[in-house]
Amino acid sequence: MESFFDMLKTLMTCLTVLGIAWVVALSLPKSKARAVINEVVSWAFLAFCAFYAISPIDVLPEAVLGPFGFIDDLGSVFLGYQGFKSAMSAREERKYLD
């Protein structure tokens with residue numbers, strides 16, 4: 001169980017660093033660095049949403065709520081799709097800036 005919490009702590013540290021980098025990137029003018037950071041953060045967000053959707057740990061557990069427990073998983077899939085669209089948009093912006 002301790003290894004799970006160590007992994008969770010590492011994951012939260014990485015997400016915090018990515019979040020700070022993303023906020024800094026948003027304050028930059030349109031530049032290649034901004035497009036690269038936005039793309040990396042979007043892919044990381046997509047990975048996080050996918051991990052949450054398949055994770056047995058849920059905000060709304062299926063064991064208690066039955067089929068209504070899948071609402072948070074469906075929301076995670078939807079947000080992951082939005083992250084994918086954002087990553088593709090950032091990739092196109094980066095190609096345009098080259």
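Helices in this description are DSSP runs of at least four residues, numbered from the N terminus, and with that in mind Ala90 can be placed in helix H4. The structure is a predicted model, and every value below was computed from it.

Let us begin with Ala90 and its surroundings. Ala90 is buried, because its relative accessible area is 5% and the term covers anything under 20%. If we set aside residues up to four places away in sequence, Ala90 touches Ala35, Asn38 and Glu39. The chain also brings Ile37 to this region: the C-alpha atoms of Ala90 and Ile37 are separated by 8.8 Å, although the two residues are 53 residues apart along the chain. Met88, which also has its place in helix H4, can be described in a similar way, since Met88 and Ser42 are 46 residues apart in sequence and 8.8 Å apart in space, counted from C-alpha to C-alpha. With a relative accessibility of 28%, however, Met88 counts as partly exposed, whereas Ala90 is buried.

Glu39, one of the residues that Ala90 touches, leads us to the charged side chains. Side chains of opposite charge can pair when their charged atoms come close. How many salt bridges does a search of the whole structure find? The search finds 2. In one of them, the side chains of Glu39 and Arg91 meet at 3.0 Å, from N to O. Because Glu39 lies in helix H2 and Arg91 in helix H4, this pair ties together parts that are 52 residues apart in sequence. The side chains of Arg94 and Glu39 also meet in a salt bridge, with 2.9 Å from N to O. Here Arg94 belongs to helix H4 and Glu39 to helix H2, so the parts tied together are 55 residues apart in sequence. Glu39, Arg91 and Arg94 are thus linked in a network of salt bridges. As for their accessibility, Glu39 counts as buried at 7%, while Arg91 is partly exposed at 30% and Arg94 is partly exposed at 22%.

We can now turn from charged side chains to aromatic rings. A pair of aromatic rings is described by the distance of the centres and the angle of the planes. A search of the whole structure finds 1 aromatic pair, and this pair is formed by Trp43 and Phe84, whose rings lie 5.8 Å apart from centre to centre with 70° between the planes. The arrangement is called edge-to-face, because that name is used for planes over 60 degrees apart. The pair links distant parts of the chain, given that Trp43 is in helix H2 (residues 32–54) and Phe84 is in helix H4, 41 residues apart. Trp43 counts as partly exposed at 29% relative accessibility, and Phe84 is partly exposed with a relative accessible area of 35%.

Another part of helix H4, which spans residues 71–97, holds Asp73. Which side chain of opposite charge is nearest to Asp73? It is Lys85, but that side chain is 21 Å away, and Asp73 is buried yet has no salt bridge. Because a salt bridge requires a side-chain nitrogen of Lys or Arg within 4 Å of a carboxyl oxygen of Asp or Glu, a separation of 21 Å between Asp73 and Lys85 does not qualify. Apart from neighbours within four places in sequence, Asp73 is in contact with Tyr52, Ala53, Asp58 and Glu62.

From Asp73 we can move to Pro61, as their C-alpha atoms are 9.7 Å apart in space while the two residues are 12 residues apart in sequence. Pro61 has its place in the loop between H2 and helix H3 (62–65), where it is partly exposed with a relative accessible area of 33%. When neighbours within four places in sequence are left aside, Pro61 is in contact with Gly66 and Gly69.

Finally, we come to the surface and to the start of the chain. Met1 is found in the segment before helix H1 (2–27). Is Met1 buried or exposed? Met1 is exposed, because its relative accessible area is 72% and the word applies to values over 50%. Together with Phe5, Leu8 and Met12, Met1 forms a nonpolar patch on the surface, and these residues have about 430 Å² of accessible area together.

Note on methods. Residues numbered from 1 in each chain as written. Predicted model: local features only at pLDDT ≥ 70, side-chain atom pairs only at ≥ 80, totals over all residues. Heavy atoms only, no water. Patch = residues over 30% accessible without salt bridge, like charges linked within 9 Å, V, L, I, M, F, W, Y side chains within 5 Å. Areas by Shrake-Rupley, 256 points an atom, 1.4 Å probe, with all protein chains shown as cover. Helix = DSSP H or I, 4+ residues; strand = E, 2+ residues; numbered from the N terminus. Buried < 20%, exposed > 50% of the residue type's maximum accessible area, 1.4 Å probe, protein only. Lys, Arg positive; Asp, Glu negative; His and termini not counted. Contact = heavy atoms within 4.5 Å. Phe/Tyr/Trp six-rings, centres within 6.5 Å; stacked < 30°, edge-to-face > 60°.
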